[in-house]
Each structure stands twice: as C-alpha cells, then as structure tokens.
Amino acid sequence: MKSILTTLTIMVAFALNAQNFQGKAVYKTSEKSNFEIKDAKGVDDKMQEALRKRLEKMNQKTYILNFDKNVSTYKEEAKLDAPKPQIGGANIRVITFGGPGASDVYFKNLKENRYFNQTEIQGKRFLIKDQLPKYDWKLSSETKNIGTYTCYKATFSEEIESKNITFKDGESVEEVKKETVVTTAWYTPQIPLSNGPANYQGLPGLILEVNDGTRIIVCTEIILNPKEKITIEKPKKGKVVSQEKFNKIQKQKTDEMMEKIKGRNGLDLGNGVNVKFGG
C-alpha cells in the first residue's frame, strides 16, 4: 500500500512540473447556526429549531477551486436562487455584510504569495488585495482517507473576538468575548500542491477538508488535467482596498445596520447574517 501511494505521489509530482498542469476540485460547505430568540412571543423551541435547520441548509453550498501550479480561483458554483425561508407565517429577510456570495471570486497567486478577493457589502463591490495569510500549521502523522486519497492531519490555533447577540423584549443585547479556535485541515501529499479551499494554503499537499468548529469544507471531486482547458483569471472589478481597510468598512456597515434594526424585531444571527421578522 505504501509503495502504491509513493508511486502515485511521484506521478502527480511529475505532472505538477509540467507546463500545462491544471486541475479542478469541488468542495461542499456546511455551517452551524447559533440562532436563538429569547422570550419572543409566538416563537417556541420547535419553531426556533425549524428555522435553525433552514438557515443551515441555506449555508450548504458548492464551491469550485480551479488551479494550476501557481494560481487558482475559488468561487461558488452557479445555481438558481434558493427560496426565502418562512416559518409559521413569518417572512425572513436575510442581509449579508460582505460574507461569501455568489459573485465572489478568491484568486491566489502562490508564487507571489498574494491574493485578490472580489466581494460585496450591501451591493457595493470591493477588490481586496493583500498578502496570503500565514498559518502556523502543526503537522501530524494521523491519517484518514477522503475518497481515494490518503490525507494527513494539520492544525493551527488562533484567538478571535466573537460577538454574541441575543434578542429580548424587542431589544438586542451584544456580548463580545475572546476565544481560541482550533482549525483542523486534512491534506493529501498525493497532490503535492500547497493550496486549498477559500484562503487556506501552506501545507505540503492539496487540502481536501477543513473544520474550524463552525464551518466544514469537504472536497467531493478532483479532476486533474481535464480535457477542456481551464481558464484562471484574476478578478478586476471593485474598489481596491487592503484586508485591514475592508474589515473596518465591514464593521462600520454592520454597526450601522444593527442600529437601524434595534427595536424593530430584528435579530443578528452572527457570521454576517441578519434575520428580519415581519408580516
């Protein structure tokens, strides 16, 4: 078994050195929802659970990573708009604050260690240009199979500031706290390409799975050197900003929206999503 794996790795490594090496990886994402309404009239536990499941289903998406040995694009697979969820006759309006959207394109240049992220905030397009994030990966000898690929475990920890917003008696209460989040990735040396989904990279093999405790990204299909040539284009549309500048704009817009929602039966679900009850 070990000799077969070694042979496959050598074959793929040889392919990577080829001038025209290309590939396509399909990823499925899922995300937990921390949705909760406290002491809201007419909203019982059963209704909250039903809405939580609907929201999690809305977050189940498919992304395509098109890559060669130096550059890649990661974007959501085109599909029809999902129907807006309704629970118990309540209409739900979802507002996003610069989170991943259908028009987003995340472009990486591994050789130059840079990325270009084309995204939007409330309909305004931005083009974030910055250095690729550097993760302090801890490599492990633990393995598991994902499809036909043998994958190795890697982790990194980071301290993040989380915001918990509860909704009670028509008012939102915000609690900010810091916590340490451990992200686990599984990469395969059989495809010795230091790339992966979203902004993840920096391991000695293509990352096929990521779990940060809230979001799970899993590769379901890989096509190496497809017959039809893949075009990998750098995004060019949007106001050019750094990641730091974009984060400030995003926070400002989120704070402004929260001020408008207060006292109007609005609820922030976290992760850049807001639910508005009406009708």
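Is Lys 239 buried, exposed or partly exposed? In this predicted model, Lys 239 has a relative accessibility of 43%, and therefore counts as partly exposed. Lys 239 is located in strand S14, which covers residues 239-241. Leaving out residues up to four places away in sequence, Lys 239 touches Lys 124, Arg 125, Phe 126 and Leu 127. For one of these residues, Leu 127, the separation along the chain is 112 residues, while the C-alpha atoms of Lys 239 and Leu 127 are 5.5 Å apart. Strand S8 spans residues 124-131.

The protein chain as a whole contains three helices and 16 strands. It has 279 residues, of which 41% are buried. Its accessible surface amounts to about 16,400 Å², and carbon and sulfur atoms account for 48% of that surface. When contacts between residues at least 6 apart in sequence are considered, 63% of them join residues at least 24 apart.

Several of the strands are paired. Strand S1 (residues 23-31) and strand S13 (residues 215-224) run antiparallel and are joined by nine bridges. Within this pairing, Glu 31 has Arg 215 of S13 as its bridge partner. S1 is also paired with S2, again in the antiparallel sense, over seven bridges. Here Lys 28 is matched with Thr 62 of S2, and Val 26 is matched with Ile 64 of S2. S2 in turn pairs with S3 in the antiparallel sense through five bridges. In that pairing, Asn 66 is opposite Thr 73 of S3. The connection from S2 to S3 is a hairpin of three residues.

The burial of S2 was examined along its length. Seven of its seven residues are buried, so S2 is largely enclosed by the rest of the structure. In a regular strand, side chains alternate between the two faces of the sheet. In S2, both faces are covered. Lys 61, Tyr 63, Leu 65 and Phe 67 are buried on one side, and Thr 62, Ile 64 and Asn 66 are buried on the other.

Asp 68 lies in the loop that follows, between strand S2 (61-67) and strand S3 (71-76). Asp 68 is buried but has no salt bridge. The nearest side chain of opposite charge belongs to Lys 69, at a distance of 8.2 Å; a salt bridge would require a side-chain nitrogen of Lys or Arg within 4 Å of a carboxyl oxygen, so this separation does not qualify. The side chain of Asp 68 instead has backbone nitrogens beside it. It reaches the backbone nitrogen of Asn 70 at 2.8 Å, and one of its polar atoms lies 2.7 Å from the backbone nitrogen of Val 71. Apart from neighbours within four places in sequence, Asp 68 is in contact with Phe 21, Gln 22, Leu 193 and Ile 232.

Asn 70 also takes part in a contact with Leu 110. Leu 110 is in the loop between strand S6 (105-109) and strand S7 (114-121). With a relative accessible area of 21%, Leu 110 is partly exposed, because the buried class is restricted to values under 20%. Leu 110 and Asn 70 are 40 residues apart in sequence, yet their C-alpha atoms are 5.2 Å apart in space. Not counting residues up to four places away in sequence, Leu 110 touches Lys 69, Asn 70, Leu 132, Ser 194, Asn 195 and Gln 201.

Two further loop residues were noted for their backbone geometry. Gln 122 is not a glycine, but it has a positive phi of about 50°. Gln 122 occupies the loop between S7 and S8, and its relative accessibility of 43% places it among partly exposed residues. Ala 198, which is not a glycine either, likewise has a positive phi of about 50°. Ala 198 belongs to the loop between strand S11 (171-188) and strand S12 (206-211). Its relative accessible area is 11%, and Ala 198 is therefore buried.

Technical notes
Residues numbered from 1 in each chain as written. Predicted model: local features only at pLDDT ≥ 70, side-chain atom pairs only at ≥ 80, totals over all residues. Heavy atoms only, no water. Helix = DSSP H or I, 4+ residues; strand = E, 2+ residues; numbered from the N terminus. Buried < 20%, exposed > 50% of the residue type's maximum accessible area, 1.4 Å probe, protein only. Lys, Arg positive; Asp, Glu negative; His and termini not counted. Polar contact = N/O pair within 3.5 Å; in protein donor to acceptor, adjacent residues only side chain to side chain. Contact = heavy atoms within 4.5 Å. Areas by Shrake-Rupley, 256 points an atom, 1.4 Å probe, with all protein chains shown as cover. Pairing = 2+ DSSP bridges.
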